[in-house]
Amino acid sequence: MTRFHLTPVTDRHLSTKIRQDLLSHCNMTRADRFRFLLPLLTITSLLLLLQTFACTSEQKTDHHKFPAGVSDEMIEHLISSDDSTLARYGREVGFLVLNRTRSKIGREVNRLYLEGNANEASILQHYARRIGRVLASEYHYECDERDDNFIDRLSPDTLVALIRLRTEDISILENPDLSAIDKLKRYYELTRSFEELGDQRYAAASRYRVAMLLEAIGNDKEHKRYLHSACSEFSELGYHKMTCQALGVLGSLHQREGRTDSMIVCYEKAKRIAHRSRIAEQAARISSFYAWYYAGHGRLSLAHDLLNEAIEICREYKGGYKEIRFIVEAMKFHANLGCWEIVDRLLRRTRVLEREYPGELTNLFNVQLLRDDQVEARMHMARGNPRAAEEIFRETIAEIENMHLPHSYREEIPTIHLHWAEGLLDNDRPNDALAIAREGLRRCVEISATNLSARFALVLAKASHQLSDIETTAWALQRFDDIVKGDEVRLQREWVARDVLHSRLDLASNDQPSAIHALEEGLARFTEFVTKLDPAAQSYLWIGECDDLRQLMHDLTSHDPLLGYGAELYWRDLYRAIGREHPYGRHADAEERQTRSEQIAKRSGEFGSIFDDFSERALRAKTRVNEIRAIHCTYLLRSDEVWRWTVTPTVVRRDVLGIATNKLRDLVLESWRMMSVDPSDPARGPSPRLSKNLRMLAHVLLPPEVSDETKVFPEATLLISTDGFLSRIPFETFDIGSGEEYEPLLVRRDVAYLRHADPPTDASNAGPGVILASSRPSERLRNRYPFQPELPDVLPEVLLVKAMDPGTTLLSGDSATKSNLRSEWEEASYVYLAAHTLRDPQVPYLMLIPVATPADELAPEAAYLDFADIRAADLRNCETAVLSGCSSGAPYVEARVVGPSLGDAFLDAGTGAVVQTFWDVRDDAARELMKTFTLSWLRGECSTTRALCNARRNALRGPDGVRHPFSWASFSIKISRL
């Protein structure tokens, strides 16, 4: 038996030997060839087996060396895939996974070097560098490659010294026992050490940490200097993640200083870098920064849009569990507005992410999930399920206590107690609310949380008042006063509630004069709060949340319908006062502020003078209603009742309607849903169910004078001031016929909606009208709202207006910008907006009108007109605003507070009348109706109200009688001048 001696042979040597043997093989016989090939094949097979075994062993060894948390799939690609395959895999998993994996491997490499295992460290370092090359080629993220090249130039001893410094950098950052001052001293030393070793990357990172610590101790000047330095170094090194991080902080700093342009420059630069490198968290973070900036300035539409954008960017760039952060931010935004349907949808998404990434959530993200749980509990409270909410609150508190969070999270648990106590109050459980509020107040005292303590004191007062415990209510109110010590800047909503409770305490003691005086003081304080609010949608929502003050007014004036009518007019006029003393309020002037201050000072010294104001307002409005021969119906929704004031030339009467509020709400919203859907045959009348509803609504809501069966007021215009959900439905559709056929109110009367009872103004200073026509939203808005079609009938519609009034200014195409409109509309006699009204289907009160965007404009709000733009303008010269878009007059009624419409913004900005829509309209039908209206309106043949009512009456009848309301009832007119 022949023996073969195996010697180590490389792949190259083996190939050469085989070639030589094959050459000699050609001259052999068949038998010789067989005897030659048999041992050769045996050798080759053995070598291949050995090589396979060696590779398998190496893979197993490398698998073993990889740190925990690196996926098997990633390891297989790092070991086995060529560069192009690894790059393709890197594109699939995204920046976050690659960067996180490199960081984990890098920490393991450092550990091995420090333990003296240089060989094992170099093996792992090879794989980290492969990831670095993918980050550079696929994500333009070059800093890791630069760092690798820097490390290659170091001696072994210097490398170990550098690793020790880098490890110390992380340990200082994560050490909860070190004070900010101690950390600052250590980072000053580290920065110098990194600079001496030439480690620019970690020197810049240490400088950034120094900047953050300087901010924590209040050294703003040095904070800014170090931040700028770190940002510049990050940018130069191509350290894109930290460049974006620093730019975001710089932008926020500029925002606090009021330097909006500098803020935008920082945010836009960070956004460009983050999108170029597809860094999910940073790109989404900048969108969320923008969102909260605009939310703070009342641009709720834009904030909502940007928060959604942050979530979508994080998802698109494969941000993984990082998406939770931005979902929770959006949840908090919508929870504060009472939009629980949206909160529920977002909550389901976080639960999916929680299941997808169970082992990757850090402590920070566990806190985010706990905050997510808190919002879920608040949602259960709002939906009348306190038992489920309480279970979540208890579990959340227990988890937070076990996490041993640092001092900066000290208010987490008391905040939960506050939401818990407030939810129990809203669910009529004052006894339980008392217990939770006492525990929350105790915790707040321990951590010196002043604002939270004051809010807990107020919860105690409310709960005690519900229990008729006058003594404890008085004590809790005194505790509130002692905590805030007369500071009215903070906790404004709480101050309003405090004033209401003081008045109700006096009522409980049968002290009517003191109750009225407390009301007067509360209204004076409330009015001052309102004038300092941003002129934006959230301020309207804030006033709506103070409805307990409004209801107190009516309780104290219920004995006199005239006083109650005047009180309601007073309350509705408060919406116009928003922003009058705000820096952005265009209506404020020194004389107006002085007059108001004198009135408030006078009232504070004279008992009951606020009632004189109510009476004067009511009498002025009644006189004007008489002069124009109208009937005015004003509605007020209370918790269990619906009130209506009816004002005619002969009477002011208040009635309590014979229907429960909840039942009326269901009837109104069901009818609105049936009317607002395009029917298959618009020429046919309403369905039997809708007809029945409209007849019932007429019976319940309209006074006898409106049906006019006695012919006492045959020509009177019906003016309607709605409240809450009543704003969703057109009263002119109510069936007032005496027979079986549908006879809408509009057939007999002109109908308009009254917001303010002002006298007409002199429009001699007004200039020509201005038209804005925008048939196609920008590409960015089309991506956000893909369901919006083109509006081919916009141009013919506005050209008709232009032909009727050649002097008007037409802004269309590239000239239809916000800045061009702003330069025209304050002097214009009318404003005509023919464009989309964009809205999220689930958040319809967040409305946008798209405009053209200049190429050099960076600010996100340049792409559309929103509520804040309109409300901040001075439109007192404008007689009429026409909003020829979908649902432009529809308020949002699904949250706890009814939101304003775009039409309300125009009226409160000074416009005399607004033509708007209750629901989405068909472009062709709108064009025909508006054509009829425009011809009559611009010719001056009749009032704007009569012109629109006539146009709708022309569209009302079809070949088979009265058409379905969808086609003619959407457009309405709302006025603020009688």
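Both faces of strand 8 are covered in this predicted model. On one side lie Tyr830, Tyr832 and Ala834, on the other Val831, Leu833 and Ala835, and all of these are buried. In a regular strand, side chains alternate between the two faces of the sheet. Strand 8 spans residues 830–835, and six of its six residues are buried, so the strand is largely enclosed by the rest of the structure.

The neighbours of strand 8 are a good place to continue. Strand 6 (residues 770–774) runs parallel to strand 8 and is joined to it by five bridges. Within this pair, Val770 stands opposite Val831. Strand 12 is also parallel to strand 8, with four bridges between the two, and here Tyr832 of strand 8 faces Val882 of strand 12 as its opposite residue.

These strands belong to an open sheet of 11 strands with mixed pairing, ordered 3-2-1-4-5-16-13-12-8-6-7. The edges are formed by strand 3 (652–656) and strand 7 (809–812); each has a single partner strand, so one side of each is left without a neighbour in the sheet. Ignoring direction, neighbouring strands of this sheet are turned by 20° against each other on average.

Moving along the sheet from strand 12, the next strand in the order is strand 13. Strand 12 and strand 13 are paired in the parallel sense over three bridges, with Thr880 opposite Ala913 in strand 13. Strand 13 resembles strand 8 in its surroundings: five of the five residues of strand 13 are buried, so it is largely enclosed by the rest of the structure. Ala913, Val915 and Thr917 lie on one side of strand 13, and Val914 and Gln916 lie on the other; all are buried, and both faces are thus covered.

The pairing of strand 13 with strand 16 is antiparallel and extends over five bridges. Ala913 stands opposite Ile975 of strand 16 in this pair. Ile975 also stands opposite Leu754, a link that belongs to the pairing of strand 5 (residues 751–758) with strand 16 (residues 971–977), where the strands run parallel and three bridges join them. Helix 41 (residues 944–956) packs on the sheet, where it touches strand 5, strand 12 (880–883), strand 13 (913–917) and strand 16. The direction of helix 41 makes about 170° with that of strand 16.

Beyond the sheet, two helix pairs can be described in a similar way. Helix 13 (residues 260–276) and helix 14 (residues 280–296) have axes that come within 8 Å and cross at roughly 155°. The two helices are therefore roughly antiparallel to each other, and the crossing of helix 13 and helix 14 is left-handed. From helix 13, the contact involves Thr260, Met263, Ile264, Tyr267, Glu268, Ala270, Lys271, Ala274 and His275, while helix 14 contributes Gln282, Ala283, Ile286, Phe289, Tyr290 and Tyr293. By class, this contact has 10 nonpolar, three polar and two charged residues.

The second pair consists of helix 20 (residues 412–426) and helix 21 (residues 430–447), whose axes come within 8 Å and cross at roughly 160°. Helix 20 and helix 21 are therefore roughly antiparallel to each other, and their crossing is left-handed. On the helix 20 side, the residues that meet helix 21 are Ile413, Pro414, His417, Trp420, Ala421, Leu424 and Leu425. Their counterparts in helix 21 are Pro430, Asp432, Ala433, Ile436, Ala437, Glu439, Gly440, Arg443, Cys444 and Ile447. The contact of helix 20 with helix 21 divides into 12 nonpolar, two polar and three charged residues.

A single residue offers a closer view of the packing. Tyr187 lies in helix 9 (residues 180–197) and, at 1% relative accessibility, counts as buried. Leaving aside neighbours within four places in sequence, Tyr187 is in contact with Asp169, Ile172, Leu173, Ser206, Arg209, Val210 and Leu213. One of these residues, Arg209, is 22 residues from Tyr187 in sequence and 7.3 Å from it in space, C-alpha to C-alpha.

The chain as a whole places these details in context. The protein chain holds 41 helices and 16 strands, and of its 978 residues 55% count as buried. Among contacts between residues at least 6 apart in sequence, 71% join residues at least 24 apart.

Conventions. Residues are numbered from 1 along each chain as its sequence is written. This is a predicted model: local features need pLDDT of at least 70, side-chain atom pairs count only at pLDDT 80 or more; totals for chains, interfaces and linings use all residues. Side-chain values use heavy atoms; hydrogens and water are left out. Two strands pair if DSSP finds at least two bridges between them. Axes are lines fitted to C-alpha atoms, for helices over the stretch in contact, and angles run from 0 to 180 degrees between N-to-C directions. Contact means heavy atoms within 4.5 Å. Buried means under 20% relative accessible area, exposed over 50%, partly exposed in between (1.4 Å probe, protein chains only). Angles under 35 degrees count as roughly parallel, over 145 as roughly antiparallel, 65 to 115 as roughly perpendicular and the rest as oblique. A crossing is left-handed if the near helix is turned anticlockwise from the far one by less than a right angle, and right-handed if clockwise. Ala, Val, Leu, Ile, Met, Phe, Trp, Tyr, Cys and Pro count as nonpolar, Asp, Glu, Lys and Arg as charged, and the others, Gly among them, as polar.
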